[in-house]
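Q: Please take me through this model term by term, and set each value against the rule that gives it its name.

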2 protein chains.
Amino acid sequence: MNKAPDAVLTKTFESRTAQLAAFAAGLRHAHVPPAVLRKTEDLLVDWFGSAVAGHSARPVESIARFALAMGPATGPSEVIATGASTSPHAAAMANAAAAHVVEQDDVHNGSVFHPAAVVFPAAVAVAQSIGASGAQLLVAAIAGYEVGIRVGEFLGRSHYRIFHTTGTAGTLAAAAAVGQLLGLDARQMLHALGSAGTQAAGLWGFLRTAADSKQLHTAHAAGAGLMAAYLAQDGFTGAADILEGKQGMAAGMSSDADPTRLVDGLGSRWATAETSFKWHASCRHTHPAADALLQVMQQHGLAAGQLARVVTHVHQGAIDVLGPVVRPSTVHQSKFSMGTVLALAARFGHAGLTEFEEAFLAPETQALRDRVEMVLDPEVDSAYPRQWIGKVTVHTHDGRVFEGRVDEPKGDPGNTLSRDELSAKALRLAAFSGRVAAGLMARAVDRLWHMEQCPRVGRLLERLP
Amino acid sequence: MNKAPDAVLTKTFESRTAQLAAFAAGLRHAHVPPAVLRKTEDLLVDWFGSAVAGHSARPVESIARFALAMGPATGPSEVIATGASTSPHAAAMANAAAAHVVEQDDVHNGSVFHPAAVVFPAAVAVAQSIGASGAQLLVAAIAGYEVGIRVGEFLGRSHYRIFHTTGTAGTLAAAAAVGQLLGLDARQMLHALGSAGTQAAGLWGFLRTAADSKQLHTAHAAGAGLMAAYLAQDGFTGAADILEGKQGMAAGMSSDADPTRLVDGLGSRWATAETSFKWHASCRHTHPAADALLQVMQQHGLAAGQLARVVTHVHQGAIDVLGPVVRPSTVHQSKFSMGTVLALAARFGHAGLTEFEEAFLAPETQALRDRVEMVLDPEVDSAYPRQWIGKVTVHTHDGRVFEGRVDEPKGDPGNTLSRDELSAKALRLAAFSGRVAAGLMARAVDRLWHMEQCPRVGRLLERLP
């Protein structure tokens, strides 16, 4: 794709990783179909709502305090919903922590990766710092999504069993987005991916004791990826074969890596557009079953009190992530409890932020929670992660049994949220945060819908009082 | 060891990781034998020389530029040998990058871990920020060494085949040192280790293309570990079982983890004192063979020109790390070339910084380099990593064959460097850097020898002009 001046690198420039790097570096606005640009604005609005909502969460405030204590007290980059400004690195870390905490940020099914939480914080912070345009921001975000999703697909299910893909693949996604904004050439971008991959980290172990690590993972990915791109711009080199090499990411952190996924349809398949929005405020692994349960309840006019037992037929990944969460003790942990999510959906018709905050430990929720089971389903498991099928068997107290099924949970590309629904979701998230007035948020969201035309990204939220 | 108020954590507080955390949090000056304190001063002086020498290296300058661009322009913590001051986080990253680049920093054999490069940069930066005493700095460093070494031993040889243990175990080492300085209790320290372990990263892949990642690994470990400790002080929680848990570090990054090593002799065995100093300025895997070759040459009065062939009998780890480096193209890469190191040692009696800089590509060096082989030796391999035995077979042009053997290469605890040798090494390193005047360096080293009595750590180097 590119002539490397350095002989030792010439061969590796033909590698899949090099092709991915060349794509991320060479992507231009004119290459991207308008529908993908519109989808990217949707993703931007959706991310912004999550970032605003998350900034008042305790773990996020800890990370923001650290970033602001260690970074400069003023700078070009906005710490969203706090009124603070600092360096791109510090802002990216704080905003990335915020975006992932309320479990409302987007997800790409095939890679089981949450791109927005790592890509937009890094890209927005840098765009604000260098005075980039809205169109440049969108193209950078797309570079990040396309790289991160393919890396996540490449690392596979064995990786996800132990590693939080959003933390690992997310580091390369952030590097690609920032590298695109900084104008890296293909060779520099390959170095940026190398420096990102060698910092990639994030383990699922924290879920067992309801620890705060998920926010640290996104903060770390955004910060380390951003650093990798700046270093590459400055001539710092990274491993040429960080993904497929004998001592690279797949060798160390996967047993079923699929190299073909790294370059799958580069430039023709837009993985960005495959990304799903979250409707329920919980781990995405709970959504298919929640929607299938709601379908049964609506079709048969059932109320929560009528449910005697709900069997969810799930993929192994759901069991791996949700299985350890039996008696959730915090709001955040309860978002990884299949029983809690289904109980809230059954009781309120939607498992949203407010439902979790107010009712995750209510006796009625707990009673219903303990009547929900997960069983491995071969059909669901073999379709996963390409497709996230929801299947439930519902037993009522009066002895009836119903089957429910959804092939595309709400928010998936074939069952997506409209711009009105996305705006409303963002406004709900802002209201939940209690920090940002409705009018301020509405103006900010309205501007984001026209990001492509903005000559400068600028501040996303007018300065708070 | 400790009563956790949180029920969910009570059981995990009996885990080995919790015992390690309680040790690191509870360590006090009175617990440490004087000989270990003296050794820690030795390690401090030795680290300082490497940090001074490394700051003018291109990759280190890149990391320092990034840290200073993203951090505050002034602050309590010193960027060694540059005259700059910034926040503890930014300074720790810059100084950690510097300490590892000239391949003269210390190594612990059993863990194959370079503690100084990650522990001292984090500990010194924080000590300067909070006004800690010299004695507190030494105790904090010991906490970092004891934790990092045990984590490295725990992760084992399978980990080291793919991962750079100094980057991974180093993140926990930095967290333990900083956590000790910040006064974390046992519970907070366990959270700090959790947040450090979930950021632990560093892959060997970079060696194949002579990339700059080694400096990024130490910068990352020091920065991420420091962050983990500050977050824990602020109430941020981490996985309770980050090392042994089903989705923890060993599960994801090792296939031969040995849990008993985590608590091996805690409080009675001082792993800090087992640390070796480097004499040659190269990867430690080359030192045993280099010393064995020098022994043969001295005993039999051989000159470099008489060597027809040198067979080194090595452990598998040496083949894994050094094997890919056949035609080194940079000074740094040549430090991972067994042939180059032995050629320089044979030609000059010592493979030091100046020898590498001036002669790693000299025709005489290359000719000799290509006459050096590595073969796996069962005895050497089974003793490794506990003991690093050097064995060589030397063939001369006139047909003679000699065997050489050293059981403790120069710098190992049983063949250590004296304080005079350490001072001289530090002064040589400063001279090599070309940035720090000899008198300035001599005064700084002299003060470090008395660190235990310093009421404040303060600046290590008087301000540069």
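A: Domain bounds, on which any distance between domain centres depends, come from an automatic or database domain assignment. This is a predicted model, in which local features need pLDDT of at least 70 and side-chain atom pairs count only at pLDDT 80 or more, whereas totals for chains, interfaces and linings use all residues. Residues are numbered from 1 along each chain as its sequence is written, chains are lettered from A and ligands numbered from 1 in the order in which they are written, and side-chain values use heavy atoms, with hydrogens and water left out.

Q: What makes domain 1 and domain 2 of chain A, and how many Å apart are their C-alpha centres?
A: The assignment gives chain A a domain 1 that runs over 7–274 and a domain 2 that runs over 284–410. The C-alpha centres of these two domains of chain A lie 31 Å apart.

Q: How do you know that domain 1 of chain A is in contact with domain 2 of chain A, and how many residues take part?
A: Contact means heavy atoms within 4.5 Å, and by that test 17 residues of domain 1 of chain A are in contact with 19 residues of domain 2 of chain A. Buried area, the accessible area (1.4 Å probe) that two parts lose on being put together, summed over both, comes to about 1700 Å² between these domains, with 62% of it given by carbon and sulfur atoms. A:N109, A:R157 and A:L207 together supply 34% of what domain 1 of chain A buries against domain 2 of chain A, more than any other three residues.

Q: What makes A:R157 and A:D381 a salt bridge?
A: The term asks for a side-chain nitrogen of Lys or Arg within 4 Å of a carboxyl oxygen of Asp or Glu. The side chains of A:R157 and A:D381 meet at 2.7 Å, N to O, so the pair satisfies that rule. One salt bridge is the count between domain 1 and domain 2 of chain A. Helices α7 (134–162) and α10 (213–233) of chain A are the elements that give two or more residues to the side of domain 1 that touches domain 2, and α7(A) provides the largest share, three residues.

Q: Why is the pair of A:K278 and A:E103 said to tie together parts of chain A?
A: These side chains meet in a salt bridge at 2.9 Å, N to O. A:K278 lies in the loop between α11 (249–253) and α12 (287–300) of chain A, while A:E103 lies in the loop between α5 (88–99) and α6 (116–130) of chain A, so the pair joins parts that are 175 residues apart in sequence.

Q: Why are A:K278 and A:E103 called buried?
A: Buried means under 20% relative accessible area, exposed over 50%, and partly exposed in between (1.4 Å probe, protein chains only). A:K278 has a relative accessible area of 0% and is therefore buried, and A:E103, at 1%, is buried too.

Q: Which accessibility classes do A:R400 and A:D398 fall into, and what makes the pair a salt bridge?
A: A:R400, at 35% relative accessibility, counts as partly exposed, whereas A:D398, at 52%, is exposed. Their closest N and O atoms are 3.3 Å apart, so the pair also meets the salt-bridge rule.

Q: Why do A:D407 and A:R405 count as partly exposed?
A: A:D407 has 35% relative accessibility and A:R405 has 33%, so both values fall in the range between buried and exposed. The side chains of A:D407 and A:R405 meet in a salt bridge at 2.9 Å, N to O.

Q: How do you know that chain B is in contact with chain A, and how many salt bridges does the rule find across the interface?
A: The heavy-atom rule places 59 residues of chain B in contact with 59 residues of chain A. The two chains bury about 4800 Å² between them, 64% of it on carbon and sulfur atoms. The rule finds two salt bridges across this interface, and A:R65 with B:D234, at 2.9 Å from N to O, is a salt bridge between the chains. On the side of chain B that touches chain A, the residues divide into 31 nonpolar, 20 polar and eight charged, where Ala, Val, Leu, Ile, Met, Phe, Trp, Tyr, Cys and Pro count as nonpolar, Asp, Glu, Lys and Arg as charged, and the others, Gly among them, as polar.

Q: Why is B:Q233 called partly exposed?
A: B:Q233 has a relative accessible area of 40%, and is therefore partly exposed. B:Q233 lies in helix α10 of chain B, where helices (H or I, at least four residues) and strands (E, at least two) are DSSP runs numbered from the N terminus. Leaving aside neighbours within four places in sequence, B:Q233 is in contact with B:L182, B:L184 and B:Q188.
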